[in-house]
Amino acid sequence: MTDHSRSGFATFVGRPNVGKSTLTNALVGEKIAITSEKPQTTRRAIRGILNRPDGQLVIVDTPGIHKPRTLLGERLNDLVEQVLGDVDVIGFCVPATEKVGPGDRRIAASLDGYPRAKKIAIVTKTDAASRDEITARLIEVDALREDWDAVIPLSAFTHEQLDVLADEILQLMPEGPPLYPVGVTTDESTDDRIAEIIREAALEGVRDELPHSIAVVVDDIARREDSDLTDVHAQIVVERDSQKAIIIGHKGSRLKDVGARSRAGIEELLGTRVFLGLHVKVAKEWQRDPKQLGRLGF
């Protein structure tokens, strides 16, 4: 780090599924936040840490801003507001592949509520768009506010312009020493990261109404004596018996598939072979129940 090192917090906002978690992972250089085609995949403020020669960026990945239909939804929106009030830079994301709509305009206007933060507009998914689409999006996004510090098109998928974004955000940060030890990429606990790996695998291919009903709790992680095997036991929590049947699948086939996919990610994270025990549990309407939400960490 240089004498004029900068450091601070940045977050990305936008409608659900504009690529915020993918962008966070691409910047940090490893998978910190799970990604899924399903909107509202992110449920916590997950911090990814990017170290550069001239400073450190702490990127807080948050849920997408949406109209809440449950108590969980309300709590996720509250979480986003809290993060936005604390960060130094807000990156507003719009995909190059979709016209700017009322939801985008609403979120861009709501940034008035965070006068302390510097603001950047980011046009994501440029790898999937034509040059004309990208140009049109840049014009639309630029017109949403007069106080953008920068407007940047990029692709988290191909990494095109990622460095430009990182440099720009860092220049807007206050001068100061690193906030985390160099070499740390996230402050997420191992339990939380494992729970998210399992939830990501469980989200794969499920029907639209199910994703919001899935939560994961890790009960135990223990290294076996005299073995390079780690035992991991976790529960996949759903809201109804019918959902439990979907997760388990015909003769347990779906759960086996979720287990296999999860195990690969967990082994990569822990650096050992893993025995994974998964159980599916029903907690009725947990998204609307303050007690259950508390138990599940919301």
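**Salt bridges and exposure in a predicted model**

Arginine 240 is partly exposed, with a relative accessible area of 35%. The model is a predicted one, and the questions below ask how such labels are reached.

Q: Why is arginine 240 called partly exposed?
A: Buried means under 20% and exposed means over 50%, with partly exposed in between. Arginine 240 has 35%, so the middle label applies.

Q: What makes glutamate 285 and arginine 240 a salt bridge?
A: Their side chains meet at 3.8 Å, N to O. The cut-off is within 4 Å, so the pair qualifies. Glutamate 285 sits in the loop between strand E9 (273-282) and helix H9 (290-295), and arginine 240 in the loop between strand E8 (229-238) and helix H7 (241-248). These two residues are 45 apart and link distant parts of the chain. Like its partner, glutamate 285 falls in the middle class: its relative accessible area is 34%, so it is partly exposed.

Q: Is aspartate 88 buried or exposed, and why?
A: Its relative accessible area is 15%, and buried means under 20%, so aspartate 88 is buried.

Q: Why does arginine 116 count as exposed or buried?
A: Arginine 116 reaches 54% relative accessibility, and the exposed class starts over 50%, so it counts as exposed.

Q: How do you know that arginine 116 forms a salt bridge with aspartate 88?
A: The closest N and O atoms are 3.7 Å apart, and the limit is within 4 Å, so the pair counts. Arginine 116 lies in the loop between helix H3 (102-110) and strand E5 (118-124), while aspartate 88 lies in the loop between helix H2 (71-86) and strand E4 (89-95).

Q: Which parts does the salt bridge of arginine 6 and glutamate 175 tie together, and why?
A: The two side chains meet at 4.0 Å, N to O. Arginine 6 is in strand E1 (residues 6-13) and glutamate 175 in the loop between helix H5 (162-171) and helix H6 (190-203), so the pair joins parts 169 residues apart in sequence. With a relative accessible area of 21%, arginine 6 is not under 20%, so it is partly exposed.

Q: How many salt bridges does a search of the whole structure find?
A: The search finds 16. Elsewhere, Arg15, Glu98 and Asp104 are linked in a network of salt bridges.

Q: What makes aspartate 132 exposed?
A: Its relative accessibility is 62%, over the 50% cut-off, so aspartate 132 counts as exposed. Aspartate 132 belongs to helix H4 (residues 131-142).

Conventions: Residues are numbered from 1 along each chain as its sequence is written. This is a predicted model: local features need pLDDT of at least 70, side-chain atom pairs count only at pLDDT 80 or more; totals for chains, interfaces and linings use all residues. Side-chain values use heavy atoms; hydrogens and water are left out. Helices (H or I, at least four residues) and strands (E, at least two) are DSSP runs, numbered from the N terminus. Buried means under 20% relative accessible area, exposed over 50%, partly exposed in between (1.4 Å probe, protein chains only).
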